[in-house]
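Let's take a friendly walk through a protein chain, from its overall layout to its interior. Have a look at the sequence and the structure before reading on.

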Amino acid sequence: MADYDHRSLADFDPHPQKPGRRWAVSKELGLEEYNLNVGVLEEGDPLSQTHFHAHESQDEFYYVLEGRCRLEVGDESVTVEADDVVRVPRGVPHLVHNPHYDEPCTLIAGGSPPEGRYPVTMYDNCENVLA
């Protein structure tokens, strides 16, 4: 029999300390090469509690499944919609959020290598970046 893991997202508990609804599934699935998260951002929700930030040693990617969100990256602001894929290289300041869209944004977020998540450099909080 093949070695695999098949679960519903309902089998995982959302991360209680993250904004929006966010499931960190890497550890429970035994994924060691990258961090894998699923997030649902309601209006006004950022994806990360560190706001406008950069990972010194981790590349990140985002794939929007449903809805749309905004990506603040460097000094640019981009709308990311369903079926869009974005890569943010290590060291590049960024913020993913759902500013004022009337529907939730469901997305997959990944980062590699997983130990590169820290240190994180926080450049500014969400409110100042979006002002």
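Followed along the sequence, this predicted model runs β-α-β-β-β-β-β-β-β-β-β-α. That pattern holds 2 helices and 10 strands. The radius of gyration is 15 Å, close to the 14 Å that the globule rule gives for 131 residues, so the chain is as compact as a globular protein of that length.

Here are some values for the whole chain:

| Property | Value |
|---|---|
| Span of the C-alpha trace along the principal axes | about 55 × 35 × 25 Å |
| Buried share of the 131 residues | 39% |
| Exposed area | about 7700 Å² |
| Share of the exposed area from carbon and sulfur atoms | 48% |

Distant parts of the sequence also meet: of the contacts between residues at least 6 apart in sequence, 68% join residues at least 24 apart.

Now for the inside. In soluble globular proteins, nonpolar side chains tend to be buried together. Which residues touch the most other members of the largest nonpolar core? They are L47, Y62, V96 and L107, out of 13 residues in that core. The strands β4 (59-66), β5 (68-73), β7 (85-88) and β9 (105-112) each supply at least two of the core's residues, and β9 gives the largest share, with 3 residues.

Take V96 as an example: leaving aside residues up to four places away in sequence, V96 touches L41, P46, L47, Y62, C69, R70 and L71. Apart from this core lies another one of 6 residues, including W23, V25, L36 and V40.

Finally, the charges: the chain carries 10 positive and 25 negative side chains, and the centres of the two sets are 3 Å apart.

Technical notes: Residues numbered from 1 in each chain as written. Predicted model: local features only at pLDDT ≥ 70, side-chain atom pairs only at ≥ 80, totals over all residues. Heavy atoms only, no water. Core = buried A, V, L, I, M, F, W, Y, C linked by side-chain atoms within 4.5 Å. Buried < 20%, exposed > 50% of the residue type's maximum accessible area, 1.4 Å probe, protein only. Helix = DSSP H or I, 4+ residues; strand = E, 2+ residues; numbered from the N terminus. Contact = heavy atoms within 4.5 Å. Rg over C-alpha atoms; globule rule 2.2 N^0.38 Å. Areas by Shrake-Rupley, 256 points an atom, 1.4 Å probe, with all protein chains shown as cover. Lys, Arg positive; Asp, Glu negative; His and termini not counted. Charge placed at Lys NZ, Arg CZ, Asp CG, Glu CD.
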